[in-house]
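Me: I'd like a close look at one part of this model, please: the place where charged side chains link up into a network. Start with the term I need, then walk me outward from there to the rest of the chain.

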Amino acid sequence: MNAFLQLRQDEDEKLKREMDDTMDELNQLRESRMRFNCNLEVQFMLKQGQVEIDSGQFIPNYRDSILIHRSVVEDLNGTIRQLGEQKMSAMTESKDFRKGIHILEWEHKKMVMEIEDLLNRAKDIQMLKVSRQIQDYLHNDDHEARKQQEISALEQTLDNQRGHHEKNVKEKKAILSTLRKGIRKKEQENTKVEGELQEMIVCVSERKHINEVNASARDETAAEKRMKDIVQRRKLVDLAKAQAQEVAVLRAEVERLRMRTFPALVQLER
């Protein structure tokens with residue numbers, strides 16, 4: 001009896017499995033029929049920007065493509081745009097917040113530096129030595145009159161210095177004129193002495209020639225005369241050198257006076 005019951009249960013289980021398999025096959029068949037009826041090849045004319053797939057090297061493959069309505073794309077773009085605007089608003093708010101923080105930090109640094117400056121000024125004021133001039137300035141209320149008085153004193157001093165300078169310039173010009181006259185006189189004397197020297201040299205040469213001709217008759221007298229000529233020529237040469245040195249000294253003195261005169265004029269113009 002138990003064996004018969006077990007056999008019937010096994011048959012029942014087998015029939016259930018067969019029924020399940022049959023139902024699965026039936027469902028697959030229905031799905032295949034539905035796919036066959038719905039999955040049709042349809043040709044669409046779409047613009048290039050509306051196709052968002054990567055084209056292959058030759059023929060694009062649309063096997064995994066999905067055709068969706070334009071409103072879905074527009075809604076998605078609107079959502080993306082809204083999220084972007086929200087992100088931009090958040091970034092702008094963050095930027096403004098950071099900018100406000102930087103401004104506050106800058107103002108804080110500015111205030112700290114102003115405090116340090118004021119402390120340094122207070123320290124300078126405390127350490128300042130009050131001189132007599134500062135006391136007079138603080139005690140005297142009429143500052144304009146004091147300024148006018150100082151200006152008048154400065155103008156008077158300037159006039160005195162200008163007059164003194166003009167007097168010095170006149171004196172220096174007179175000295176310069178005198179020195180120039182002395183230089184011209186010395187140059188004339190030197191020219192005259194040089195002419196006399198040349199004449200004496202010619203005379204000496206002539207006398208030397210004559211003495212050489214008459215040397216046999218007047219050896220002793222010629223020797224004395226030659227010695228006198230040599231001495232005289234030596235004196236003339238020494239005189240010419242001395243006068244040349246004196247002219248050089250006078251020229252140096254003129255140059256020194258000129259250099260002392262013109263810088264004073266330049267300093268006055270400044």
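Reply: Happy to. A salt bridge here is a side-chain nitrogen of Lys or Arg within 4 Å of a carboxyl oxygen of Asp or Glu. Please keep in mind throughout that this is a predicted model.

With that term in hand, here is the part you asked about. Lys186, Glu189 and Glu246 are joined in a network of salt bridges. Helix H4 covers residues 143-213, and helix H5 covers residues 219-269. By those ranges, Lys186 and Glu189 fall in H4, while Glu246 falls in H5. In general, side chains of opposite charge can pair when their charged atoms come close.

Now look at a neighbour of that network. Glutamine 243 lies in helix H5, and among the residues it touches is Glu189, a member of the network. Asn190 and Val193 are contacts of glutamine 243 as well, leaving aside residues up to four places away in sequence. Is glutamine 243 buried or exposed? Its relative accessible area is 11%, and the cut-off for buried is under 20%, so glutamine 243 counts as buried.

Another pair of positions is worth placing on the map. Glutamate 196 is found in helix H4. From its C-alpha to that of leucine 236 is 8.9 Å in space, although 40 residues separate the two in sequence. At 33% relative accessibility, glutamate 196 is partly exposed.

Let's turn from charges to nonpolar side chains. The largest nonpolar core has 6 residues: Leu176, Leu179, Ile183, Leu250, Val254 and Leu257. Helices H4 and H5 each supply at least two of the residues in this core. As a general point, nonpolar side chains tend to be buried together in soluble globular proteins. One core member, leucine 257, touches Lys172, Ile175 and Leu179, not counting residues up to four places away in sequence.

What other salt bridges can you inspect? The structure holds 10 of them. Helix H4 also hosts one between aspartate 159 and arginine 162, whose side chains meet at 3.0 Å, N to O. These two are 3 residues apart in H4, so about one helical turn separates them. Aspartate 159 is partly exposed at 45% relative accessible area, and arginine 162 is partly exposed too, at 32%.

Helix H2 offers another example. Arginine 70 pairs with glutamate 74 in a salt bridge, with the closest N and O atoms 3.0 Å apart. Both lie in H2, 4 residues apart, or about one turn of the helix. Arginine 70 is exposed at 61% relative accessible area, whereas glutamate 74 is partly exposed at 45%. Lysine 95 and aspartate 96 form a further salt bridge, at 3.3 Å between the closest N and O atoms. Aspartate 96 has a relative accessible area of 41%, which makes it partly exposed.

The surface has its nonpolar side as well. Val42, Phe44, Leu46 and Leu67 make a nonpolar surface patch of about 430 Å². Leucine 67 sits in the loop between helix H1 (2-38) and helix H2 (70-127). With a relative accessible area of 60%, leucine 67 is exposed.

Stepping back to the whole protein, there are 5 helices and 0 strands, giving the pattern α-α-α-α-α along the sequence. Of its 270 residues, 7% count as buried. The accessible surface comes to about 25300 Å², with 55% of that belonging to carbon and sulfur atoms. Among contacts with a separation of 6 or more, 70% are between residues 24 or more positions apart.

Finally, a word on confidence. The mean pLDDT is 80, and 86% of the residues reach 70 or more. Over residues 263-270, however, pLDDT stays under 50, and the model has 5 contacts beyond four places in sequence for that stretch. Where pLDDT is low, the predicted coordinates should not be read in detail.

Definitions and conventions: Residues are numbered from 1 along each chain as its sequence is written. Side-chain values use heavy atoms; hydrogens and water are left out. Patches are made of residues with over 30% relative accessible area and no salt bridge: like charges are joined within 9 Å, nonpolar side chains (Val, Leu, Ile, Met, Phe, Trp, Tyr) within 5 Å. Accessible areas come from the Shrake-Rupley method with a 1.4 Å probe; for residues, only the protein chains shown count as cover. Buried means under 20% relative accessible area, exposed over 50%, partly exposed in between (1.4 Å probe, protein chains only). Contact means heavy atoms within 4.5 Å. pLDDT is the predictor's confidence in each residue, from 0 to 100. A nonpolar core is a set of buried Ala, Val, Leu, Ile, Met, Phe, Trp, Tyr and Cys residues joined through side-chain atoms within 4.5 Å.
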